[in-house]
Every structure is written in C-alpha cells, then in structure tokens.
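User: I would like a close look at one part of this model, the helix packing. Please keep it brisk.

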Amino acid sequence: MPQIPEKIHELSVGQVSARSGAAVSALHFYEAKGLISSRRTSGNQRRYTRDTLRRVAFIRAAQRVGIPLATIRDALAELPEERTPTHDDWAHLSEAWRSELDERIKQLSRLRDHLTDCIGCGCLSLDTCVLSNPDDVFGERLTGSRLMAERRERPAPS
C-alpha cells in the first residue's frame with residue numbers, strides 16, 4: 001500500500017483509491033451521493049482531505065453489513081467538518097446503529113435457523129411464514145400445506 005507523507009494534506013482521487021481499496025468510480029459515486037467531498041484544483045482535479053480515508057473505510061464497512069447509503073450519509077453528516085473526527089465522534093456514531101445492527105443479527109439468525117424448514121415447508125405464504133411473519137399465531141401451531149388445508153376448511157366470515 002503506498003505511503004503518503006504526513007506533510008501532504010490533500011490526496012488525489014488515485015491516492016484515496018489506492019489507500020482505501022475503493023475504485024475511483026466508487027469514490028466519484030460516494031461524492032455524488034454526498035458521502036464524501038473534495039475541492040477542485042485550478043486544473044479541475046479532485047483533492048480530498050486525509051480524513052476522507054477514514055470516511056471511506058466507514059462507508060465500506062457499513063455497506064458490508066447492509067446499512068443503506070442514505071443512513072450512512074445521515075450519520076456522516078453528524079461528524080465535524082472543521083476537524084478530523086475523533087474516536088469519540090466515531091463511537092457516538094456507531095452507538096446510534098447498535099440497535100439496528102442487533103435487529104439485523106436477530107433476523108439473520110432466524111433465517112439461518114429456519115431456512116431448511118422454510119424451503120421444505122411448501123406454504124408459499126407470506127401471511128403464515130415463520131420467517132416472514134414470526135409472530136403469526138398459526139405459524140406456532142402448523143406450517144405448510146396443513147395450515148393451508150385448515151384455512152380452506154374453515155367457513156368464510158359472513
């Protein structure tokens with residue numbers, strides 16, 4: 001990985017790409033979406049501040065766990081513009097996502113634990129699916145074609 005001397009305060013798009021592992025096109029996309037910013041030189045070349053590297057690392061990590069770009073943008077907007085974010089700034093930002101990430105983990109665990117049953121179930125119903133509708137009262141008693149047959153046998157409400 002290329003080293004950037006400390007005395008260099010601004011980075012070219014190529015330098016940010018090389019250091020962050022993000023493609024130049026991804027950096028342009030992040031900028032277009034308001035996730036990072038640059039200034040333009042007199043030759044119209046982008047220049048990024050060094051803290052952009054941390055922002056890009058944060059964006060990529062958040063994307064890997066499925067956080068939408070709009071949520072990432074909103075979070076980054078809370079970081080200070082006038083200085084490089086501190087550890088406390090990042091900790092505050094990540095704490096706000098803890099409950100959302102815990103819920104995602106719970107959903108993924110439920111999917112992992114019930115996926116085989118779901119594939120073999122055959123109900124093809126989002127109304128009664130143990131995964132899609134985990135609090136459904138029928139989902140606790142019966143699944144699949146047995147549940148669908150029981151629903152057909154019941155008289156329609158008048």
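Which residues in helix 3 meet which residues in helix 4? Please build the answer out from that contact to the helices around it.

Analyst: This is a predicted model. The contact you ask about joins five named positions of helix 3 to helix 4: R55, F58, I59, A62 and Q63 in helix 3 meet L69, I72 and L76 in helix 4. By class, this contact has six nonpolar residues, one polar and one charged.

Now the geometry. Two packed helices are described by the angle between their axes and the distance between the axes. For helix 3 and helix 4 (residues 69–77), the angle is about 145° and the axes lie 10 Å apart. The crossing of helix 3 and helix 4 is right-handed.

Take the helix 4 side next. Its buried residues are I72, A75 and L76. Seen down the axis of helix 4, these buried residues fall within an arc of 95°, so they line one face of the helix. I72 and L76 also appear in the contact with helix 3. A75 has a link elsewhere: its C-alpha atom is 8.7 Å from that of A96, with the two positions 21 residues apart in sequence numbering. A96 is found in helix 5 (residues 87–121). A96 is exposed, with a relative accessible area of 56%.

On the helix 3 side, R55 deserves its own look. R55 sits in helix 3 and takes part in the contact with helix 4. Is R55 buried or exposed? R55 is buried, because its relative accessible area is 9% and the cut-off for buried is under 20%. Leaving aside neighbours within four places in sequence, R55 touches I36, L76, L79, P80, P85 and W90. L76 in that list belongs to the helix 4 side of the packing.

Helix 3 has a second partner. The axes of helix 1 (residues 13–20) and helix 3 (residues 52–64) come within 10 Å and cross at roughly 50°. Helix 1 and helix 3 are therefore oblique to each other. Their crossing is right-handed. Helix 1 brings V16, R19 and S20 to the contact, and helix 3 brings T52, L53, V56 and R60. The residues of this contact divide into three nonpolar, two polar and two charged.

Helix 1 offers one further reference point. Q15 has its place in helix 1. Q15 is partly exposed, with a relative accessible area of 28%. The C-alpha atoms of Q15 and R47 are 9.6 Å apart, while the two residues are 32 apart in sequence.

Helix 2 completes this part of the picture. The buried residues of helix 2 (residues 24–32) are L27, Y30 and E31. They cover an arc of only 100° around the axis, which puts them on the same side of helix 2. The face turned away from that buried side carries the exposed residues S25 and A32. What covers the buried residues? The cover includes helix 1, strand 3 (46–49) and helix 3. Just after helix 2, G34 takes a positive phi of about 80°.

Within helix 2, follow Y30. Y30 counts as buried, at 5% relative accessibility. Not counting residues up to four places away in sequence, Y30 touches L35, I36, V56, I59, R60 and Q63. Several of these recur in the helix packing. V56 and R60 are among the helix 3 residues in the contact with helix 1. I59 and Q63 are among the helix 3 residues that meet helix 4. I36 is a contact of Y30, and I36 is also a contact of R55. Y30 and R73 are 43 residues apart along the chain, and their C-alpha atoms are separated by 9.2 Å.

Last, the setting. The secondary structure of the chain comes to seven helices and three strands. From the N terminus on, the elements run β-α-α-β-β-α-α-α-α-α. The chain has 158 residues, of which 27% count as buried. Among contacts with a separation of 6 or more, residues 24 or more positions apart account for 45%.

Key
Residues are numbered from 1 along each chain as its sequence is written. This is a predicted model: local features need pLDDT of at least 70, side-chain atom pairs count only at pLDDT 80 or more; totals for chains, interfaces and linings use all residues. Side-chain values use heavy atoms; hydrogens and water are left out. Axes are lines fitted to C-alpha atoms, for helices over the stretch in contact, and angles run from 0 to 180 degrees between N-to-C directions. Helices (H or I, at least four residues) and strands (E, at least two) are DSSP runs, numbered from the N terminus. Angles under 35 degrees count as roughly parallel, over 145 as roughly antiparallel, 65 to 115 as roughly perpendicular and the rest as oblique. A crossing is left-handed if the near helix is turned anticlockwise from the far one by less than a right angle, and right-handed if clockwise. Contact means heavy atoms within 4.5 Å. Ala, Val, Leu, Ile, Met, Phe, Trp, Tyr, Cys and Pro count as nonpolar, Asp, Glu, Lys and Arg as charged, and the others, Gly among them, as polar. Buried means under 20% relative accessible area, exposed over 50%, partly exposed in between (1.4 Å probe, protein chains only). The arc is that of the directions from the helix axis to the C-beta atoms.
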